[in-house]
2 protein chains.
Amino acid sequence: MDKDSKFVKEIADMNADFPQWYTDVVLKTELVDYGPVKGTMVIRPYGYEIWEHIQSELDRRIKETGHKNAYFPLFIPLSYLMKEAEHVEGFAPEAALVTHVGNTELEEKLVVRPTSETIICDMYSKWVQSYRDLPLLINQWANVVRWEKTTRPFLRTSEFLWQEGHTLHTTEEEAREETLKMLGVYKEFMKNILAIDVITGVKTEKEKFAGAVATYTMEAIMLDGKSLQAGTSHYLGRNFASAFEIKYLDRDGKLKNPYQTSWGVSTRLIGALIMAHGDQRGLKLPPRVAPVQAVVIPVAQHKEGVLEKARELVAALKNAGVRAETDERDQSVGWKFNEWEMKGAPLRIEIGPRDIENSVAVYSRRDTHEKGTVALGDIAAKVPELLDDIHENMFRQSSDFLHGHIVECRDMDELTAALDGRNFVKAMWCGCRECEDAIKAETAASARALPFDQTPIGDKCVCCGKPADKVVYFAKSY
Amino acid sequence: MDKDSKFVKEIADMNADFPQWYTDVVLKTELVDYGPVKGTMVIRPYGYEIWEHIQSELDRRIKETGHKNAYFPLFIPLSYLMKEAEHVEGFAPEAALVTHVGNTELEEKLVVRPTSETIICDMYSKWVQSYRDLPLLINQWANVVRWEKTTRPFLRTSEFLWQEGHTLHTTEEEAREETLKMLGVYKEFMKNILAIDVITGVKTEKEKFAGAVATYTMEAIMLDGKSLQAGTSHYLGRNFASAFEIKYLDRDGKLKNPYQTSWGVSTRLIGALIMAHGDQRGLKLPPRVAPVQAVVIPVAQHKEGVLEKARELVAALKNAGVRAETDERDQSVGWKFNEWEMKGAPLRIEIGPRDIENSVAVYSRRDTHEKGTVALGDIAAKVPELLDDIHENMFRQSSDFLHGHIVECRDMDELTAALDGRNFVKAMWCGCRECEDAIKAETAASARALPFDQTPIGDKCVCCGKPADKVVYFAKSY
């Protein structure tokens with residue numbers, strides 16, 4: 001019996017039922033499990049290690065751009081959420097409330113943070129006195145809670161992990177620059193670490209963050225043609241600063257409210273990389289976040305010298321900075337091949353008695369299924385090169401897929417057909433909320449972003465046909 | 001006017017009012033601030049970076065001993081807390097309860113995790129089937145909540161950050177070995193990273209973790225003679241495994257409950273290092289967790305070439321792996337000296353026009369106030385040596401202080417006098433709860449640990465005078 005075909009059957013057909021494919025993959029590869037409370041997830045070690053690599057790469061970039069980490073409390077007084085009018089409307093309905101400690105009722109209800117603008121602004125109002133205290137550039141790694149009735153692991157869960165940057169500046173110009181700088185950091189991270197190409201731009205009024213002046217976003221296309229908002233960067237103007245009375249004494253002796261930004265990415269990124277790169281066999285992990293970059297499979301491992309040689313290889317690879325391990329479990333080689341394809345290890349290395357005789361190992365790439373032979377003495381030099389090449393190839397595929405799935409549409413028929421064909425739609429829009437709502441109602445697609453490049457592709461609104469000067473990407477989304 | 005003396009006055013006299021000294025130091029050095037909700041703290045960038053270094057050093061050790069990180073949900077169904085009888089008694093009164101989402105009441109109240117044994121056991125009961133799944137070695141970095149009415153930053157706060165290891169084993173022997181192994185890891189970390197000597201041993205029944213068979217602890221002496229429980233490691237037996245029905249099929253075909261451990265340290269460690277090392281001038285940070293290990297102070301920084309040379313020095317130091325920075329603020333050199341003494345930078349390096357002429361810099365150690373001159377060309381080699389020497393000296397001081405403050409006592413008069421003299425008491429104890437309670441009631445001291453070395457120092461209980469064979473450390477504690 002063909003073990004491969006048996007195995008593949010355990011994962012739902014990604015073309016027929018993409019959501020089930022996703023669920024099968026995240027559960028069977030032990031990235032994640034459902035928590036006991038509805039809407040919650042447990043991030044298992046294999047999934048959490050991906051997050052650790054994401055964290056370490058992002059944290060370095062956040063620090064290199066001058067930010068420092070801090071930690072603010074989980075509990076926010078309910079009254080704080082109320083201070084910024086749009087903000088409370090956006091977050092109150094899904095806010096988890098702490099009302100009691102043991103048997104004692106609290107005097108004021110506490111919100112479990114859905115995002116930290118309010119509590120951070122409260123602290124900033126104590127810390128900031130003078131223009132000398134600005135810019136204030138702080139980031140936080142934390143858990144946040146936004147209630148969900150159903151669980152889509154990594155994509156929609158009541159609790160998730162993220163980083164949130166919160167900065168204050170003396171001028172609007174500097175704050176707007178910061179907002180775009182961090183969007184740029186995110187985009188570079190997506191390319192060089194997750195091997196995902198994205199579209200960037202600004203959100204519509206309808207889709208922006210509750211309380212922001214402008215929300216910038218990066219949107220990634222998933223293999224089912226849906227968009228995943230992978231990260232956002234908000235220019236908050238002085239909305240929160242004035243609500244929370246953050247004031248500094250400027251050089252001219254006047255008290256002023258500073259300009260503010262916030263920006264974040266979350267464990268959603270793990271969902272993004274699964275749905276941007278996976279295939280019918282399971283995960284296809286980008287090498288730079290893969291917990292196991294090269295798995296060494298001993299062939300005929302009971303034979304003398306095989307395990308020893310496999311372990312030697314792993315030691316040499318680790319020495320070269322590669323995350324490598326042997327799979328010495330009491331299972332067939334075929335089972336292990338399938339297992340590690342499903343788990344998405346970028347590179348598989350086989351070593352058996354005959355290979356040892358010839359002083360070579362056989363490698364197999366997860367991205368192209370290309371196989372090759374490499375001399376044992378060269379392996380520590382060759383594997384890092386292969387991993388870089390796999391990364392480049394995966395990014396190219398992601399970029400090709402994205403650009404191959406952008407369809408320019410002139411009317412609603414074209415738009416509907418393009419969305420049904422699992423595409424992003426690029427279209428002109430008049431800018432009115434009614435058209436945005438109508439498109440959503442008819443097709444379930446939303447305006448994902450107004451790209452920075454606003455070169456018109458027509459002059460009439462895709463929806464109402466009236467004069468239009470805005471270029472927008474529409475897509476169904478996660 | 002002597003700037004030093006003016007400056008020192010801003011921090012309360014540590015001999016007269018140690019708690020106020022502590023509060024002054026943590027606030028004035030901007031390690032921490034009070035959050036808006038009673039009992040909560042904000043860990044500011046200077047404090048959080050200490051935590052980041054603690055995390056990275058501990059995380060490496062936790063992984064080197066075979067554990068993997070994961071993340072479990074913040075919210076635990078209240079019913080879970082009830083499953084282990086001792087556990088609920090210990091944690092329910094201080095448990096924060098989520099009862100509503102928006103305006104909707106939840107069907108079951110949720111506990112914001114005070115510790116994660118219950119929810120982790122629930123997941124383990126799904127994951128563990130066979131002896132092949134064991135040992136299961138998982139660690140989590142997370143925030144936890146245990147309600148407090150007052151705030152002592154880092155020491156007692158409603159929310160704090162920690163790591164909690166949770167492991168399962170097939171035999172009692174292996175689980176007990178794990179419990180002690182992790183205590184050993186903690187003790188080694190305290191010595192080699194925080195430069196703090198500790199006493200280790202087992203807790204009395206009264207003082208053990210709610211639900212444990214045995215709790216092992218490390219206790220550090222603070223400069224006021226009080227003990228700070230710096231980390232604990234629990235052997236849980238099969239208490240939780242049977243309550244949560246964790247069962248595995250053993251080699252002999254029988255279903256069995258595994259043996260369990262849990263162990264943790266928290267942001268309390270920051271409190272420990274402040275109170276173990278500080279002095280009247282402020283913080284004295286152990287070099288291996290200091291955010292700034294060497295601060296370079298330009299003297300006459302307006303003079304040509306001074307700032308450039310100072311920055312060159314910092315670049316050379318960074319290159320040598322030293323966390324260095326210049327202080328270029330528009331303040332006097334004296335002000336900066338005081339500032340960085342208060343902030344506890346282990347090493348200060350001064351460079352001015354005359355030093356540049358002579359191609360030297362002047363260094364000053366925070367631990368001994370010893371000064372020296374070093375050739376600019378040697379500085380990248382010399383500073384790491386100096387930092388190691390500062391570390392060793394700080395550990396020696398900590399160890400001398402600990403051992404110099406252990407007083408052997410034979411009766412209650414001796415015990416009371418020793419405690420009044422800010423000491424740890426080593427004494428014989430009959431083992432009965434009544435004596436333990438009586439000592440607590442009379443002196444506010446508790447049994448901190450039964451040390452591993454139980455060589456008797458007498459044969460009568462320090463409290464009741466009856467025959468006693470247990471050696472115990474008593475102390476007041478945080």
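This passage describes the symmetry, the pockets and cavities, and the aromatic pairs of a predicted two-chain model.

The model is predicted, with local features requiring pLDDT of at least 70 and side-chain atom pairs pLDDT 80 or more, while totals for chains, interfaces and linings use all residues. Residues are numbered from 1 along each chain as its sequence is written, chains are lettered from A and ligands numbered from 1 in the order in which they are written, and side-chain values use heavy atoms, without hydrogens and water.

Two copies of a chain are related by a rotation about an axis and a shift along it. Here, a turn of 180° and a shift of 0.0 Å along the axis lay chain B on chain A with an RMSD of 0.0 Å, the superposition being by least squares on the C-alpha atoms of residues with pLDDT of at least 70 in both. This is the relation of a two-fold axis. Within chain B, the residue closest to the rotation axis is Val98(B), whose C-alpha lies at 2.1 Å. Both copies use the same surface, as 100% of the contact residues of chain B recur in chain A (contact means heavy atoms within 4.5 Å).

Open and enclosed spaces were located on a 1 Å grid over the protein atoms alone: a cavity is a set of points where a 1.4 Å probe fits but cannot get out, a pocket is an open set with protein on both sides within 12 Å along at least five of seven lines, and lining residues have an atom within 4 Å of a point. Grid points are joined across faces, edges and corners, and a volume is the space filled by probe spheres set on the points. The second largest pocket holds about 1,800 Å³ of space. Its lining comprises 42 residues, and those nearest the centre are Glu30(A), Glu325(A), Arg329(A), Lys343(A) and Lys68(B). By class, 16 of the lining residues are nonpolar, eight are polar and 18 are charged (Ala, Val, Leu, Ile, Met, Phe, Trp, Tyr, Cys and Pro count as nonpolar, Asp, Glu, Lys and Arg as charged, and the others, Gly among them, as polar).

Six cavities of 30 Å³ or more are present. The largest cavity has a volume of about 70 Å³, and helix 11 of chain B contributes the most to its lining, with three residues (helices, H or I of at least four residues, and strands, E of at least two, are DSSP runs numbered from the N terminus). Its lining includes Val295(B), Phe337(B) and Trp340(B). The second largest cavity contains about 60 Å³ of space; among its lining residues are Trp340(A), Glu341(A) and Arg366(A).

Across all chains there are 22 aromatic pairs, that is, rings of Phe, Tyr and Trp (its six-membered ring) with centres within 6.5 Å; planes under 30 degrees apart count as stacked, over 60 as edge-to-face and the rest as tilted. The ring centres of Tyr124(A) and Trp127(A) are 6.0 Å apart with planes at 45°, so this pair is tilted. Tyr124(A) and Trp127(A) are about one helical turn apart because they are three residues apart in helix 6 of chain A. Both Tyr124(A) and Trp127(A) are buried (buried means under 20% relative accessible area, exposed over 50%, partly exposed in between, with a 1.4 Å probe and protein chains only). Phe160(B) and Trp162(B) form an edge-to-face pair, 5.9 Å centre to centre with 85° between the planes, and both are buried. Phe72(A) joins Tyr124(A) and Trp127(A) in one aromatic cluster.
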